[in-house]
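The following note concerns a predicted model. The points below address strand pairing and the nonpolar cores.

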Amino acid sequence: MHYQASLVCGHIALGKQRTAAAGPPWPPNRVALSTNPSGTGEMSVDEGGQDVRWHRLPSLEVAAVLRLSDFPAAGTGDCSVHDRPWISCRGGYVDADTALVAFHNSYDEARVLMFGEDIWEEHSHWLADPETGDLHGRIAYPMRDVDDVWLLGDGTWVTAEWNTLYRWSVQDDAR
């Protein structure tokens, strides 16, 4: 079973219980990320991190696709922190009209340990429209590298930096 969750006064509160929709088998090589708040759509990512898809439930018909090639080229513009990015399994629905897509770089141990480059796993989060697959843009966090994200489904999400949790919303001028 799944539960709708919200952040209330600094605590995560579980809401109504949700059941998975019955339907056709899940497409191979896809990882389910989250179900939209109304239970009518599902977000998935390719196991290789090459695309994210939004599906209509219960049929799993593809409503929209966002490919890795739809983002700015690695090393340029909003992707300047990435050298070989892929779409991570850490995204999902922010609310019914907005999805968060997470980018991740592969860790290059040789560059860090052998050549002393101060490079670690760089992450970025992007907002997208689950109906069309259009990108709204990269979220500009004030901290350097935000990895973990917890989507609450109410238009907000939580990130962690060291031992501090931060709550964000679409209205925070994150676009």
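1. Two strands are taken as paired if DSSP finds at least two bridges between them. On that basis S13 and strand S14 (residues 164-169) pair in the antiparallel sense, over 6 bridges. Within this pair, Trp157 stands opposite Trp168 in S14.

2. S13 and S14 form a hairpin with 2 residues between them. Trp162, in the turn, has a positive phi of about 55 degrees.

3. Strand S13 (residues 156-161) also pairs with strand S12 (residues 149-151), in the antiparallel sense and over 3 bridges. Here Val149 stands opposite Thr159 in S13. The hairpin of S12 and S13 has 4 residues between the strands, and Gly153 in that hairpin takes a positive phi near 80 degrees.

4. Turning to the interior, the largest nonpolar core has 17 residues. Met43, Trp54, Leu66, Phe71, Ile87, Val101 and Phe103 are those with the most contacts inside this core. Two or more residues each come from strand S4 (41-46), strand S5 (51-56), strand S6 (61-67), strand S9 (98-105) and strand S10 (123-128). Of these elements, S9 gives the most to the core, with 3 residues.

5. Apart from the largest core lies another, of 12 residues; Leu100, Ala102, Val146 and Trp168 are among them. Trp168 thus appears twice in this note: as a member of the core of 12 residues, and as the residue in S14 that stands opposite Trp157.

6. As a general point for reading the strands, side chains in a regular strand alternate between the two faces of the sheet.

How values were computed. Residues are numbered from 1 along each chain as its sequence is written. This is a predicted model: local features need pLDDT of at least 70, side-chain atom pairs count only at pLDDT 80 or more; totals for chains, interfaces and linings use all residues. Side-chain values use heavy atoms; hydrogens and water are left out. A nonpolar core is a set of buried Ala, Val, Leu, Ile, Met, Phe, Trp, Tyr and Cys residues joined through side-chain atoms within 4.5 Å. Buried means under 20% relative accessible area, exposed over 50%, partly exposed in between (1.4 Å probe, protein chains only).
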